[in-house]
Amino acid sequence: QVQLVESGGGLVQAGGSLRLSCAASGRTFSRYTLGWFRQPPGKEREFVGGLVWSTGTTYYADSVKGRFTISRDGAKNTVYLQMNNLKAEDTAVYYCAASPPGNRYDYWGQGTQVTVSS
């Protein structure tokens, strides 16, 4: 059973940084894509970025490109979301998700709250 556990959320001032972690277990993720999504208050969930585990290739939404970086630690089966130069509009619940090969994001973590004060 796939489990994804996010951590690292919190309250930060605009312009600050946070690093979120997503600890993955229950599968060998070498063929998966791990993604980060967020849901701002009162809005729908949106894609933030993703990482192809096997190659380390990353891709990002335009809204975070240049500010956010996704990386992985294979030994820990953990994916990170480094968020720099945070803005008030980055305030959201952030979710980690896993996509098996050829499928959509089928597995989700419980989410972690990020609040950016302006």
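## Strands and salt bridges

Guide: Welcome! The chain has zero helices and eleven strands, where helices (H or I, at least four residues) and strands (E, at least two) are DSSP runs numbered from the N terminus. This is a predicted model, in which local features need pLDDT of at least 70 and side-chain atom pairs count only at pLDDT 80 or more, while totals for chains, interfaces and linings use all residues. Residues are numbered from 1 along each chain as its sequence is written, and side-chain values use heavy atoms, leaving out hydrogens and water.

Visitor: What makes the chain as compact as a globular protein of its length?

Guide: Its radius of gyration is 13 Å, close to the 13 Å that the globule rule gives for 118 residues, so the chain is as compact as a globular protein of that length. The radius is taken over C-alpha atoms, and the rule is 2.2 Å times the number of residues to the power 0.38.

Visitor: Why is the pair Glu46 and Arg38 called a salt bridge?

Guide: The term asks for a side-chain nitrogen of Lys or Arg within 4 Å of a carboxyl oxygen of Asp or Glu. Glu46 and Arg38 meet at 2.6 Å, N to O, so the pair qualifies.

Visitor: How do you know whether Arg38 and Glu46 are buried or exposed?

Guide: We compare relative accessible areas with the cut-offs: buried is under 20%, exposed is over 50%, and partly exposed lies in between (1.4 Å probe, protein chains only). Arg38 has 4%, so Arg38 is buried. Glu46, with 28%, is therefore partly exposed.

Visitor: And what makes Asp62 exposed?

Guide: Its relative accessible area is 66%, so Asp62 falls in the exposed class. The side chain of Asp62 forms a salt bridge with Lys65, at 3.1 Å, N to O.

Visitor: How do you know that Asp90 and Arg67 form a salt bridge?

Guide: Their side chains meet at 2.7 Å, N to O. This pair links distant parts of the chain: Asp90 is in the loop between β8 (78-83) and β9 (92-99), and Arg67 is in the loop between β6 (58-60) and β7 (68-73), 23 residues apart. Both Asp90 and Arg67 are buried.

Visitor: Which residues are linked in a network of salt bridges?

Guide: That network links Arg38, Glu46, Arg67 and Asp90. In total, the structure has four salt bridges.

Visitor: How much of the chain counts as buried?

Guide: Of its 118 residues, 43% do.
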